[in-house]
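The following account leads through a single protein chain, moving from one residue to the overall fold and then to the packing of its elements. Please keep the sequence and the coordinates in view while reading.

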Amino acid sequence: MTRPDVLFARQEVILRTIRDWIAGTGESPSFRQIGERVGPSSTSSVAYRLGRLEACGLISRTGHRRRSCRLSI
């Protein structure tokens with residue numbers, strides 16, 4: 001899948017959350033921390049959304065551990 005020209009609002013919020021969290025703490029947020037920031041979201045929903053962002057090439061994950069997100073953009 002190629003990088004989309006336009007992101008859905010929730011995708012933008014998740015990317016901003018990851019970027020801000022890494023800038024503030026030096027590590028990526030957990031699924032639960034992303035869900036708390038983005039809104040009422042289950043960890044499986046967050047995992048799905050991260051998978052979609054990874055498929056678009058916007059993030060990469062080393063394995064599928066909870067704190068493994070890296071921004072690709």
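In which strand is the place of Arg61? Arg61 lies in strand 1, which covers residues 59-61. The model is predicted, and the description below should be read accordingly. Arg61 has a relative accessibility of 13% and therefore counts as buried, the cut-off for that class being under 20%. Its side chain is engaged in a polar contact of 3.2 Å with the side chain of Glu54.

The setting of this residue is best seen from the fold as a whole. Three helices and two strands are present in the protein chain, and they succeed one another in the order α-α-α-β-β. Of the 73 residues in the chain, 33% are buried. The protein chain exposes about 4,500 Å², and carbon and sulfur atoms supply 50% of that area. Among contacts in the chain with a separation of 6 or more, 48% join residues that are 24 or more positions apart.

The interior can be approached through its nonpolar part. The largest nonpolar core has 13 residues, and within this core Ile14, Ile18, Ile34, Leu50, Leu53 and Ile59 touch the most other members. Helix 1, helix 2 and helix 3 are the elements that give two or more residues to this core. Ile34 illustrates the arrangement: with its neighbours within four places in sequence left aside, Ile34 is in contact with Ile14, Thr17, Ile18, Pro29, Val46 and Leu50.

Helix 2, spanning residues 31-38, merits a closer reading. Its buried residues are Phe31, Gln33, Ile34, Gly35 and Val38. What covers them? The cover over the buried residues of helix 2 includes helix 1 (9-25), helix 3 (43-55) and strand 1. Val38, which belongs to helix 2, counts as buried because its relative accessibility is 14%. When residues up to four places away in sequence are not counted, Val38 touches Arg10, Val13, Ile14 and Thr17. The C-alpha atoms of Val38 and Arg16 are separated by 9.8 Å, while the two residues are 22 residues apart along the chain. Just after helix 2, Gly39 adopts a positive phi of about 135°.

The packing of the helices on one another can now be described. How do the axes of helix 1 and helix 3 cross? These axes come within 11 Å and cross at roughly 90°, so helix 1 and helix 3 are roughly perpendicular to each other. On the side of helix 1, the contact is made by Arg10, Gln11, Ile14, Leu15 and Ile18; on the side of helix 3, Arg49, Leu50 and Leu53 make it.

Helix 2 and helix 3 form a further pair, with axes 9 Å apart and a packing angle of about 95°. Helix 2 is therefore roughly perpendicular to helix 3. Here Phe31, Arg32, Ile34 and Gly35 of helix 2 meet Thr43, Val46, Ala47 and Leu50 of helix 3.

Two residues draw these views together. Leu50 takes part in the contact of helix 3 with helix 1 and also in the meeting of helix 3 with helix 2. Ile14 is among the core residues that touch the most other members, and Ile14 is also one of the residues touched by Val38.

Note on methods: Residues are numbered from 1 along each chain as its sequence is written. This is a predicted model: local features need pLDDT of at least 70, side-chain atom pairs count only at pLDDT 80 or more; totals for chains, interfaces and linings use all residues. Side-chain values use heavy atoms; hydrogens and water are left out. Helices (H or I, at least four residues) and strands (E, at least two) are DSSP runs, numbered from the N terminus. Buried means under 20% relative accessible area, exposed over 50%, partly exposed in between (1.4 Å probe, protein chains only). A polar contact is a pair of N or O atoms within 3.5 Å; within protein, one must be able to donate a hydrogen and the other to accept it, and residues adjacent in sequence count only if both atoms are side-chain atoms. Contact means heavy atoms within 4.5 Å. A nonpolar core is a set of buried Ala, Val, Leu, Ile, Met, Phe, Trp, Tyr and Cys residues joined through side-chain atoms within 4.5 Å. Accessible areas come from the Shrake-Rupley method with a 1.4 Å probe; for residues, only the protein chains shown count as cover. Axes are lines fitted to C-alpha atoms, for helices over the stretch in contact, and angles run from 0 to 180 degrees between N-to-C directions. Angles under 35 degrees count as roughly parallel, over 145 as roughly antiparallel, 65 to 115 as roughly perpendicular and the rest as oblique.
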